[in-house]
Amino acid sequence: MNTKKILDAAKRTDDFVKAVGLIYKSTGRLVISGVGKSAIIAQKIVATFNSTGTPSLYMHAADAIHGDLGMIQKEDVVMVISKSGNSPEIKVLAPLIKNFGNTLIGLVGNMQSYLAQQADITINTTVSEEACPNNLAPTSSTTAQLVMGDAIAVCLMELKGFTGEDFAKFHPGGLLGKKLYLRVMDLYIQNQQPAVKLDTPLRETIFSISGSRLGMTAVVNDDKELLGIITDGDLRRMLEKNTPLEGIVASDIMTVHPKTIQPEALAVEALDVLRKFDITQLVVANQKQYLGVLHIHDLIREGLL
């Protein structure tokens with residue numbers, strides 16, 4: 001690599017770091033603009049920034065010079081995305097942004113272009129050629145723009161300490177939202193709380209299992225502390241042994257130390273436990289206190305499986 005290439009690479013890195021730092025420290029929003037395919041990329045990048053904790057707005061470059069410039073506030077940072085950097089709309093927009101006093105970041109694929117010269121910070125997204133067989137349709141260039149936008153977003157997430165809990169706040173809908181916020185306590189309370197005592201006869205134990213339609217019953221003491229569980233599988237295994245049924249009570253067939261889960265746990269964590277141990281229900285307990293049962297059907301109904 002010759003000296004010029006080394007210097008160019010260093011400048012690209014420096015400008016990227018400056019852009020990330022500027023957006024991070026800004027007290028305003030990030031306004032992103034472009035035309036053509038770059039405008040579509042801008043919309044996607046705005047969506048990524050908003051969902052990861054960086055307030056952003058999309059502004060089409062053509063609409064900007066016909067009134068939408070009004071959305072720009074003095075604290076905002078403006079990013080303009082363009083492959084050529086010489087589009088007529090960009091040539092009109094760039095100096096207007098500078099006149100407003102806003103910092104202009106150019107995400108541009110031509111470092112000799114008008115946008116590259118006007119921008120306060122220039123991020124180079126130059127590609128040698130498009131993936132298009134005619135080297136015409138924006139393909140490689142739009143991919144480079146998208147990658148650079150995502151890279152900035154990820155850096156900002158790191159700087160802000162953006163967590164999965166933060167992400168869940170902005171994604172409450174759909175399966176993604178459920179995986180991030182739905183908790184065991186939201187589901188198990190809809191189920192019955194089957195329970196028997198240590199000395200409960202076999203007949204009543206079976207009624208308890210059948211009546212709840214959860215495939216199990218808990219074995220508890222007078223303080224509702226969990227001592228064990230009895231599943232329909234335990235009943236089948238007992239019958240396979242040809243054990244005399246007379247006089248059998250819950251303590252004779254219960255499984256001690258059953259798998260349990262806290263009510264505050266995420267539903268997806270419960271699903272992981274069910275899968276790991278190949279079981280269909282989990283006892284919900286707070287320390288030793290029996291609270292209820294979470295069944296795999298509860299997770300299926302929520303679309304988690």
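Being three residues apart in helix 14, Arg301 and Asp298 are separated by about one helical turn. Helices here (H or I, at least four residues) and strands (E, at least two) are DSSP runs, numbered from the N terminus. The two side chains form a salt bridge whose closest N and O atoms are 2.3 Å apart; the term stands for a side-chain nitrogen of Lys or Arg within 4 Å of a carboxyl oxygen of Asp or Glu. Arg301 counts as exposed, at 57% relative accessibility, whereas Asp298 counts as buried, at 4%. Buried means under 20% relative accessible area, exposed over 50%, and partly exposed in between, with a 1.4 Å probe and protein chains only.

Before we go on, a word about what you are looking at. This is a predicted model, in which local features need pLDDT of at least 70 and side-chain atom pairs count only at pLDDT 80 or more, while totals for chains, interfaces and linings use all residues. Residues are numbered from 1 along each chain as its sequence is written, and side-chain values use heavy atoms, with hydrogens and water left out.

Now step back to the whole chain. Its secondary structure comes to 14 helices and 11 strands. The radius of gyration is 30 Å, well over the 19 Å that the globule rule gives for 305 residues, so the chain is more spread out than a compact globule. That radius is taken over C-alpha atoms, and the rule is 2.2 Å times the number of residues to the power 0.38. Along its principal axes, the C-alpha trace spans about 90 × 40 × 35 Å. Of the 305 residues, 42% count as buried. The accessible surface comes to about 16300 Å², and 54% of it belongs to carbon and sulfur atoms; such areas come from the Shrake-Rupley method with a 1.4 Å probe, and for residues only the protein chains shown count as cover. Among contacts (heavy atoms within 4.5 Å) between residues at least 6 apart in sequence, 61% join residues at least 24 apart.

Let us go inside next. The largest nonpolar core has 21 residues, and Ile32, Phe49, Met79, Ile105 and Ile152 touch the most other members. A nonpolar core is a set of buried Ala, Val, Leu, Ile, Met, Phe, Trp, Tyr and Cys residues joined through side-chain atoms within 4.5 Å. Two or more residues each come from helix 1 (3–25), strand 1 (30–34), helix 2 (37–51), strand 3 (77–82), strand 4 (103–108), strand 5 (121–124) and helix 6 (140–160). Helix 2 gives the largest share, five residues. To see how the pieces meet, pick out Ile152: leaving aside residues up to four places away in sequence, Ile152 touches Phe16, Val20, Ile23, Phe49, Met79 and Ile123.

Two more salt bridges are worth finding, from the 10 that the structure holds. Asp76 pairs with Arg29, with the closest N and O atoms 2.8 Å apart. Asp76 lies in the loop between helix 3 (61–64) and strand 3, and Arg29 in the loop between helix 1 and strand 1, so the pair ties together parts that are 47 residues apart in sequence. Asp76 counts as buried at 3% relative accessibility, and Arg29 as partly exposed at 25%. The other bridge joins Asp14 to Lys18, whose closest N and O atoms are 3.4 Å apart. Both residues lie in helix 1, four residues apart, about one turn of the helix. Asp14 is partly exposed at 37% relative accessibility, and Lys18 is partly exposed at 43%.

Further along the chain, Thr205 sits in helix 10 (residues 202–212). Thr205 is buried, with a relative accessible area of 0%. Beyond residues up to four places away in sequence, Thr205 touches Val196, Thr200, Thr217, Ile230 and Ala250.

Our last helix is helix 13 (residues 267–277), where Ala267, Val268, Ala270, Leu271 and Leu274 are buried. Seen down the axis of helix 13, its buried residues fall within an arc of 150°, so they line one face of the helix; the arc is that of the directions from the helix axis to the C-beta atoms. Their cover includes helix 8 (174–181), strand 10 (281–286) and helix 14 (296–301), which brings us back to the helix where we began. Just after helix 13, Asp278 takes a positive phi of about 55°.
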